[in-house]
Amino acid sequence: MTTKPKEKPSRFDPEPLPRRDFLGLAALGSMALALLVSAFGMLRLPKAAVSASPAKKFEVDLPDALPAGEAFVPPGRNVAVFRDAEGVYAISTVCTHLGCIVKALPNGFECPCHGSGFASDGAVTKGPAPKPLPWLKVSARGNSVVIDEETTVASGTKV
Amino acid sequence: MENEERTALNTFWHNLRAVPVDLYRAMFRGGAPVTDRTRSSFVFGNVFLHLHSVRTHLWSLRWTATMGLGIITTAAFLITLVTGVLLMFYYKPYPDVAYQSIKDIHFIVPTGRFIRNIHRWAANVMVVAVILHMARAFYTASYRKPREFNWLIGWGLLVTTLALSFTGYLLPWDQLAYWAITIGANIAQSPREITDAMGITDLMDIGGLQREILLGSDIVGEESLIRFYLLHVMILPIVMAMLMAVHFWRIRKDGGLAKPADVNERVSVSQPEHYPVFTEEPKKTYQLAAVVKGRTPAVGSGPENTVPSMPHLFYAELGILMFTTLVCVALALVSDAPLKELANPLVPENPAKAPWYFLGLQEIVSFSAFMGGIGIPMLCWIGLGLIPFLDKETEGTGEWFGGPGGARLTLWSMVYGFATSIAVEAFAIRFGWLREWFPDVPQLVITFLNPGTVITALYAAFSIWALRRFNSTRAGALALFTCFLCGFIVLTVIGTYFRGPNWVFFWSPADWNAH
């Protein structure tokens, strides 16, 4: 059995991975990598590390004459504060559907945007809202109360 | 003496006087478009015109082929581009300041109100035209091979148009703008409705991330406004321009508009009002068989039934451009763009209504935030994109309501589409929905079973019936597309005219005060 002598490579019978192909693939690969990394970098930029927003904790003086079940809305805040015999409690007035501000009525809350309705304890009674209005943490400080919009408490918690 | 006159100074004077003529000739090298050759070079010698083919088929020039809807859309876009740049002279993207600057544009800037009105009306015209244009492409089955990709580009253009409209009405920072941003951002956050129900929001909060990227903050404020401004004046117009370039280019590369297979028996070039085919004998012939793609090599004949694009196509396009401008200007003269009160983060308007083209969406969002705002729109959008890949039949291409079932099926689909959506809406308005009957029903049930999803399911069922009845994917597509178009109209009309304060049903806005 004779083996053929090894022929000189020609362009009609190239080596398995010609140098030109290797360089081409390397160029394409490095470009793809660079694009990928820069794409991630560019996506990272719009997501702020720190976002400026007003303080979510505020102190409020309740009016002396606040009948049970009547909402007191502190100026500039999306919170309804109530006081009855058992204590003070605060319910967020931001609709859990799409963030419109609900209006406090004697028998509950109504949303103007998509028709959600809530009972006076915040439970959903009609419309598309997926969750009840959250109760917010209230703590007493002297004669006034401090309300923390970021901390929710169980429905029915009164201070 | 002659030599004396050819001094450099004389040549200089001679050249100087010839500048206007030479400049004109340098710009327009082809000469007046009066022969086949000059008419051709008029097209391909001009960077703005060369996206067109040199010759246009008579079928495509018929008024009923396109009704000019694509050109109307393009014209409206160009008008918004020009007027938008003008508005940027005075507009300042900062909360409250933005509102004052729009007021300045409206009341103080010379022609400011007029330009803003044109901008607003052209945007509205564009939304209408782009929807009708899509319907035209669908009903003439123009999405079929080789035009599948161009249908997808159009699909992207539809979304870009709506995104431009949405980001546009946010900029005045009035009550409409503020609450639209709030609602839009919360729709982006609404996947939480699903992740909350599954209890995985802490692990994977897609909704929260989308909202944060969109707003640039956890509240609607200066960061949000500058983001929507950037989208409106830079990112989206660039996307739009690029998609449009590809869209136009592909029309030509795909062989012009879709035409029936037997188109050449239907139109004839012998009509006397057209510039004739080939007035001159071709002086040279080329072997193009290896270059030109197509089913029928045109051996021994000229390009069948085509006329020069200059003047036939260009004058038609110019006419439509002028018509669109006229419509926008006329509407701008009779109706002012709205500007509500300054944004008030504490009190939404009641009712808080989006512009008309989103009121259908607002109507289904009032059933479920996730399904109405993301689920059903995504379903429609993906369904639209898949049309050319699901219907690969050839019958009826290029003809209005072509394909099995045809105009008759379209008519019945219209009846069904209107009846179903009106019936389901009427039922929900009269009798309420699950929450009113069973207060403890889980949210996930309402998310997936609400009037919006019921209408969608009924439409899908009808489409499957049509598909089986005619044994044709085209019939299924005709039924489904027509139904969704009708549903869109019904929901938009209800949202616009029959919803009042607290999104309650009213027969007429005159009754709103009784509330």
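**Figure 1. A two-residue hairpin joins E2(A) to E3(A) in this predicted model.** Strand E2 of chain A covers residues 79–84. Strand E3 of chain A covers residues 87–92. The two strands pair in the antiparallel sense. Six bridges make up the pairing. Within it, A:Arg83 stands opposite A:Val88 in E3(A).

**Figure 2. Surroundings of A:Ala90.** Leaving aside residues up to four places away in sequence, A:Ala90 touches A:Val79, A:Ala80 and A:Val81. A:Trp135, A:Leu136 and A:Val138 are touched as well. A:Ile147 is another of its contacts. A:Ala90 is also among the residues that touch the most other members of the largest nonpolar core.

**Figure 3. The largest nonpolar core, with 118 residues.** Seven names mark the residues that touch the most other members. From chain A they are A:Ala90 and A:Cys113. From chain B they are B:Ala76, B:Ala122, B:Met126, B:Ala177 and B:Ala180. Helix H8 of chain B, residues 112–139, gives this core its largest share. That share is 14 residues. In soluble globular proteins, nonpolar side chains tend to be buried together.

**Figure 4. The contact between chain A and chain B.** Chain A brings 23 residues to the contact. Chain B brings 31 residues. On the side of chain A that touches chain B, twelve residues are nonpolar. Eight more are polar, and three are charged.

**Figure 5. Two domains of chain A.** Domain 1 of chain A is assigned to residues 15–51. Domain 2 of chain A is assigned to residues 57–153. Taken over C-alpha atoms, their centres are separated by 51 Å.

**Figure 6. Two domains of chain B and their contact.** Domain 1 of chain B is assigned in two segments, 46–261 and 309–348. Domain 2 of chain B is assigned to residues 350–515. Their centres, taken over C-alpha atoms, are separated by 23 Å. The contact takes 28 residues from domain 1 of chain B and 30 residues from domain 2 of chain B.

**Figure 7. The side of domain 1 of chain B that touches domain 2 of chain B.** Four helices of chain B each give two or more residues to this side: H8, H9 (148–170), H10 (175–189) and H11 (191–198). H9(B) supplies the largest share, six residues. By class, the side has 19 nonpolar, four polar and five charged residues.

Key:
Residues numbered from 1 in each chain as written. Chains lettered and ligands numbered in written order. Predicted model: local features only at pLDDT ≥ 70, side-chain atom pairs only at ≥ 80, totals over all residues. Contact = placed C-beta atoms within 7 Å. Nonpolar A, V, L, I, M, F, W, Y, C, P; charged D, E, K, R; others polar. Domains from an automatic or database assignment. Core = buried A, V, L, I, M, F, W, Y, C linked by C-beta atoms within 7 Å. Buried ≥ 20, exposed ≤ 12 C-beta atoms within 10 Å, placed from the backbone. Pairing = 2+ DSSP bridges.
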